[in-house]
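Dear colleague,

I am handing over the structure below for your files. Please have it open while you read the notes that follow.

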Amino acid sequence: MTIREEEIQRHTIAVLVSNEPGVLARVIGLFSGRGYNIESLTVSEVDEINVRSRITIVTSGTPMVIEQIKAQLSRLVPVFDVHDLTLESPHVSREMALVKIRNDGEQRIEALRIADTFRARALDSTLESFVFELTGDTGKIDAFIDLMVALGEVEVSRTGVVAIARGHDLDMPVVRLNKARRRHKKAEPVK
Amino acid sequence: MTKPRSSTARRDAAPRTMSGAAVILEALKDQGVEVIFGYPGGAVLPIYDEIFKQNAIRHILVRHEQAAVHAAEGYARSTGKVGCVLVTSGPGATNAVTGLTDALMDSIPLVCLTGQVPTHLIGNDAFQEADTTGITRPCTKHNYLVKQPEKLAEVMHEAFYVAAHGRPGPVVVDLPKDILFAECPYEGPENVEPKAYRPQVKGDSAAIERAVELIAKAKRPIFYGGGGLINAGPNASKMFTDLVRKVGAPATLTLMGLGAFPASDKRFLGMLGMHGTYEANMSMYECDVMVCIGARFDDRVTGRLDAFSPNSTKIHIDIDPSSINKNVAVDLPIIGDAASILEDMLKVWKSKGYRSNDKPLADWWGKIEAWRSKNCLAYSQTSQIIKPQHAIRRLFEKTQGMDCYITTEVGQHQMWAAQYYNFDEPNRWMTSGGLGTMGYGFPAAMGVQIAHPDALVVDISGEASFMMNMQELSTMIQYKLPVKAFIINNQWMGMVRQWQELIHGARYSESYSEALPDFVKLAEAFGGVGLRATALDELDDVIDEMIATPHPVLVDVCVTKDENCFPMIPSGAAHFEMLLGPNDHAEKPTSERGMVLV
């Protein structure tokens, strides 16, 4: 057997977990303990009734390592499902950034003009600063930040990547969230 | 209609409530726990109070929490049941960490209950507080911190489910003291099953058919079994043996798999890997179809990866998908329980009318016999000084036919035990394979003896390893456990010394066992029996006397001091680059790349 020098690939992985204490620590501990990369990790509860959270991880490694990462994630007890969005299907991914820029004069006008072409919204403005909100894929946000840095002093807060498969299939459906909420809002039944 | 009514009745009735500590005991009973190994402390006193009030579960008071976990491992490995441990918060839990890691590496099912400070004090640096779930997260299969009384019963049952199902492993349940006093509802184990954790048991039938076809058509097949065969139950070993015999192929086993295939069968090539036999490693190197069942291509087994079995089609059967393609890329993975898959494989073999591929196999066996004729485990017992290999060989010969269980510590004696003590049955051999924990064998033997009170249980030990958990002799005296420690005493940390000799220019840095105790007097001080063999003609008598003594015995076997463990694949070398003996070494020095490996 020859060991090929395998190419490093970037994969976006969606993980559905039980939203219980320590579950994020388990996932992160797995990555640090086994020496895998985390380029981005986002998490939030997506199903209140079934107490499930969805974690989106962007990681990189050889195909063998990516396969290991998925297998290791799958065998964690509170993990319900693991999907490799990069491998399985076309998917859309987005992140949001809040970019504060401090500058003045011509550069300030230029920043506003660029923000406009990127469809960024100004959420806050003072006479010497803006806070822009920008949504897009990672590349777009990187490009916007690069431009802003050239135009003034910049502070950035990014959400990291969230992603979902294109098409009509529901890989990890939210089971009863809406129904349950409606029931909750209904008037008290007559006794 | 009786049945449904009774189940409805149970569902409608308000669940029984009792104190948290009582719920724990109830859950243990319902899970079939008979023995619990533990050590009390402030945070678990309510549980000890409940233990005091009942007789169904026996508590074994160890002398150190690490030993409690190893004892539970020995118990679990020799019976196939889940081992159970109870320790207090803080130091109790941290002392258990080595044992838990050991159980994780060797896939031993355990449930370890740890005390915790009351919930309102968690995070306050309270007395004997430790972040137990944080500390044990990477060294358990799963862990729980119970913060709500109504969850306690469910968590207890789930812990046992997780420990025993899929690839087994240790599970920690951290129990704050206020939960132990709180009124908790109790529900039996019938309705508890983890929502997310559902390991695959049955193998893919198409893959199984392809595997059997590959095996039937192979010209140079080999079966390579591991600890997963033992974990899948004695029946798995039986079917494995059956399949190997039907195919007419050779079989080799990992350190953890010894006993899964009878060593007395001529198809058995011995253990493989770093200190495996020449014939096993050469067969692995030259085979055309490799069938790996319940093993994980560990670095001790594969040697240099780029030269590992280069021309074979590899079939890998494992219950843990993360074992597949971890170190070695395989051609045909099958996920599932070894017993279930072996059963299916045998069915396919029968239904398709496959027969042993006699002619090519005869050539293959011819090759193997040539390797075997090197007699790689030969040693020469020429003087009156006992050779360690000979001591273990004699122990094996003298205990043949007896109801005997062997545990070991870690080091040279462990490898010699694996080489010179042969096992024909599973569950008879307990050793620390993955983690390599010195101090494992003596407490593990204690756990084995608890499970098999009438059996002969021998810990094959080294003098350095023995001193890591020798306090358990006190436990053995207390419970009248006639465990034998067969100490191969060469006054060195032998394996460290061997590596220093082979790799570090014979600079023996800190590997000499200085200021050793007198093991005979040590045994007597605890209330046990001490024996010593210093010369060859004393060896047999001492072994006889050890076997005949119905008390704990320490046997101090004084052996050659500078014996090295061969054959050996030096780290960074490939299967065909084995060192067969001390003279071989001069020609093949360890590569620089190999030196950085462990």
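D537(B) is part of helix α23 of chain B, which covers residues 536-548. The model is a predicted one, and every value in this message was computed from it. D537(B) has a relative accessibility of 55%, so the residue counts as exposed. Together with E538(B), D541(B) and E545(B), D537(B) forms a negative surface patch.

A second surface patch, this one nonpolar, is found on chain A. Its members are L24(A), I28(A), I38(A) and V43(A), and the patch has an area of about 270 Å². L24(A) belongs to helix α1 of chain A, residues 23-33. Because its relative accessibility is 30%, L24(A) counts as partly exposed.

Some general figures for chain A may help you to find your way. The chain has 6 helices and 9 strands. It consists of 191 residues, of which 39% count as buried. Its accessible surface is about 11500 Å², and carbon and sulfur atoms account for 52% of that area. If one takes the contacts in chain A between residues at least 6 apart in sequence, 73% of them join residues at least 24 apart.

One residue of chain A deserves a separate paragraph. E133(A) sits in strand β7, residues 129-136 of chain A. Is E133(A) buried or exposed? Its relative accessibility is 19%, and the limit for a buried residue is under 20%, so E133(A) counts as buried. Which residues is E133(A) in contact with, leaving aside its neighbours within four places in sequence? They are M96(A), A97(A) and L98(A), then R119(A), A120(A) and R121(A), and finally L123(A).

I turn next to the salt bridges, of which there are 36 over all chains. Three of them, all in chain B, are described here.

The first joins E213(B) to K217(B), with 2.8 Å between the closest N and O atoms. Both residues belong to helix α9 of chain B, residues 205-217, and they are 4 residues apart, about one turn of the helix. E213(B) counts as partly exposed because its relative accessibility is 32%. K217(B), at 54% relative accessibility, therefore counts as exposed.

The second is the salt bridge between K387(B) and E563(B), whose closest N and O atoms are 2.9 Å apart. This pair links distant parts of the chain, its two residues being 176 residues apart. K387(B) is in the loop between α15 (358-372) and α16 (388-399) of chain B, while E563(B) is in the loop between β20 (553-558) and α24 (582-587) of chain B. Both K387(B) and E563(B) are buried.

The third salt bridge is formed by E501(B) and R497(B), again with 2.9 Å between the closest N and O atoms. Helix α21 of chain B, residues 494-503, holds both E501(B) and R497(B), which are 4 residues apart, about one turn of the helix. R497(B) has a relative accessibility of 2%, so this residue counts as buried. E501(B), at 29% relative accessibility, therefore counts as partly exposed. In addition, R393(B), R394(B), E397(B) and D540(B) are joined into one network by salt bridges that share partners.

With kind regards

Key: Residues are numbered from 1 along each chain as its sequence is written. Chains are lettered from A and ligands numbered from 1 in the order in which they are written. This is a predicted model: local features need pLDDT of at least 70, side-chain atom pairs count only at pLDDT 80 or more; totals for chains, interfaces and linings use all residues. Side-chain values use heavy atoms; hydrogens and water are left out. Patches are made of residues with over 30% relative accessible area and no salt bridge: like charges are joined within 9 Å, nonpolar side chains (Val, Leu, Ile, Met, Phe, Trp, Tyr) within 5 Å. Accessible areas come from the Shrake-Rupley method with a 1.4 Å probe; for residues, only the protein chains shown count as cover. A salt bridge is a side-chain nitrogen of Lys or Arg within 4 Å of a carboxyl oxygen of Asp or Glu. Lys and Arg count as positive and Asp and Glu as negative; His and the chain ends are not counted. The place of a charge is taken as NZ of Lys, CZ of Arg, CG of Asp or CD of Glu. Buried means under 20% relative accessible area, exposed over 50%, partly exposed in between (1.4 Å probe, protein chains only). Contact means heavy atoms within 4.5 Å.
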